[in-house]
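Me: Could you take a close look at one part of this model for me? I would like to follow a single strand and its surroundings.

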Amino acid sequence: MRGLAALTACWLHAGVASGQSLGVEVTQSVGTSSESISAAGTQIRVLGEALPGLRWNVEGAWATRSRDESDVFGTAYPYEGRAELMEAYGEYHFAPGRGLRAIKGGRYRTPFGISSASDHAYIGFLRPPLIRYGEYYALSSGYLEHGLDVVVGVPRLSVEASVGVSADVGPAIRRPGVNTVVRAEGMAGALILGASFVDTTPYMPERFARGRSRFGGVDARWMKGGVLVRGEWLGGQPFDGTSTTGGYADLIVHRPVMGPVTALVRAERLAYDAAPPRALYSHRYSAGARIRLWKTVAASVGIAHQAGQITQRRRTAFDVGLTGSFRQDYRAHP
Amino acid sequence: MISVLSRHTTARIFTAVVTGVALLAGVAAASARAADDEVSGVVRVGGRSQKDVVVWLEGVTATPPPAQDVVLDQRNLQFLPHVLAVRAGTRVRMPNSDRVFHNVFSFHDGKRFDLGLYPVGTTKAVTFDRPGLSRIFCNIHPNMAAYVLAVDSAHVTVSDRDGRFAIAGVPPGTYTWHAWRPGNHTATGRMTVERGRPVEIGWP
């Protein structure tokens with residue numbers, strides 16, 4: 001975080017050269033849950049374009065919560081009570097003919113499935129999918145790579161490959177090792193389909209979790225007339241001798257008649273198959289809404305009903321949150 | 001005989017050249033006048049120059065050029081430009097020049113639409129067929145916001161960061177001007193356009 005602050009200060013002090021752009025976003029969130037957990041978080045993102053096609057992005061976060069026994073608020077960033085550098089990468093993006101090419105280097109989110117920060121923290125809904133919470137034997141939204149990522153294709157069909165080493169934040173920190181991710185994504189009309197595979201190190205200690213962690217998954221998004229249906233499904237082994245399968249499906253509705261309200265319904269399940277008594281199974285049904293109150297200030301409300309062995313202090317929980325966001329641009333791109 | 005024809009031919013050529021030169025000079029002069037047919041000035045609010053103000057004129061009789069597509073870009077998680085002014089009937093192309101999906105929509109007054117998710121490198125377009133203000137958002141990125149103001153005039157522009165504006169194709173005369181800036185502040189007045197003389201408009 002000191003690096004982020006120094007970088008920002010240097011840019012602001014030196015000004016931005018002609019043809020460059022610099023944007024600073026600050027997002028502040030607070031929330032509370034009927035599980036007697038409260039949380040607050042701040043995210044800072046500095047992004048810009050050094051040369052045409054050459055962009056960079058630095059994101060840091062600080063967040064804390066009163067208890068850790070739940071996954072509530074665990075979506076966007078870790079709630080460890082200290083400042084964390086999330087992403088810091090440069091990316092060169094170019095389009096020869098009608099093609100699409102991009103190469104990214106630095107620290108970035110593991111590009112498995114629907115993985116971008118925008119999707120993880122989707123419009124302020126407060127809980128991560130079960131398959132993306134760190135300690136549920138699947139993947140974590142805090143998985144980060146120090147590596148190189150290449151995208152090749154055309155806008156409607158592309159392949160992405162990443163090679164890196166773990167640089168995670170949050171409750172699940174993978175052991176040191178080399179990680180590879182391959183992802184293909186295609187679009188037909190309003191339907192976007194993706195398939196991903198990751199080969200990485202487990203986040204549990206070696207005495208408990210031997211071998212590699214490998215997952216394959218498919219994801220889909222379909223949107224028309226303000227109705228978005230999306231979901232992910234994955235299966236694989238968190239380490240040797242175990243398996244995890246699970247997924248979620250979201251229905252997100254934002255129709256003109258709803259004004260500032262966006263509604264979400266989610267159904268999800270997770271099954272971790274291991275020797276008894278460690279096996280876990282859980283399913284959860286959620287409903288929520290985000291209400292844009294004023295410009296970039298939004299409230300979110302959610303109710304989650306869950307059954308199974310995964311920790312939740314109450315079977316049914318209510319979550320509310322408030323998010324405010326601010327952006328300053330120091331020079332617009334020409 | 002040959003010498004007579006030569007004299008006639010020479011005279012025709014001379015006449016043609018003189019006529020051509022005169023026509024070219026006339027066209028050049030007309031073009032220069034057309035280029036000079038521009039009103040420029042500065043927008044001020046409370047004495048300070050103001051950017052992102054839409055300025056348009058009523059009553060300009062000069063034939064406007066046909067409406068052309070304009071671009072509202074999505075880059076680095078923002079819309080560029082932040083304020084776009086178009087003549088009603090203009091098609092606005094909205095490319096995704098970012099590295100993430102965007103979902104552009106407008107549900108308020110003006111043009112209502114929802115373009116759905118679309119990926120990097122693709123473009124969708126909306127025709128703003130009626131005058132009105134459209135507030136543009138991305139459903140994924142709450143910081144992304146822009147205004148598109150469609151007006152019933154071809155003589156429309158947006159002030160730059162120094163509050164300056166220029167509208168081409170406006171011959172000298174007296175016109176009604178309108179101005180709008182974010183926050184739904186509007187103003188109207190009359191201005192006299194004289195060639196080479198800047199004007200000042202705005203709010204007190």
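Reply: Happy to! Two strands count as paired if DSSP finds at least two bridges between them. The model is a predicted one, and the strand to follow is β13 of chain B, residues 145–151.

Let's start with its partners. On the parallel side, β13(B) pairs with strand β7 of chain B, residues 83–87, over five bridges. Within that pairing, Val86(B) stands opposite Ala150(B). The antiparallel partner is strand β12 of chain B, residues 132–138, which six bridges join to β13(B). Here Ser134(B) is found opposite Val148(B). β12(B) and β13(B) also make up a hairpin, with six residues lying between the two strands.

How enclosed is the strand? A residue counts as buried if 20 or more other C-beta atoms lie within 10 Å of its own. Six of the seven residues of β13(B) are buried, so the rest of the structure largely encloses this strand.

For the wider setting, consider where chain B meets chain A. There, 21 residues of chain B are in contact with 32 residues of chain A. On chain B's side, β6 (78–80) and β10 (113–118) each supply at least two residues. β10(B) gives the most, with three residues. By type, the chain B residues on this side divide into nine nonpolar, eight polar and four charged.

Conventions. Residues numbered from 1 in each chain as written. Chains lettered and ligands numbered in written order. Predicted model: local features only at pLDDT ≥ 70, side-chain atom pairs only at ≥ 80, totals over all residues. Contact = placed C-beta atoms within 7 Å. Helix = DSSP H or I, 4+ residues; strand = E, 2+ residues; numbered from the N terminus. Nonpolar A, V, L, I, M, F, W, Y, C, P; charged D, E, K, R; others polar. Buried ≥ 20, exposed ≤ 12 C-beta atoms within 10 Å, placed from the backbone.
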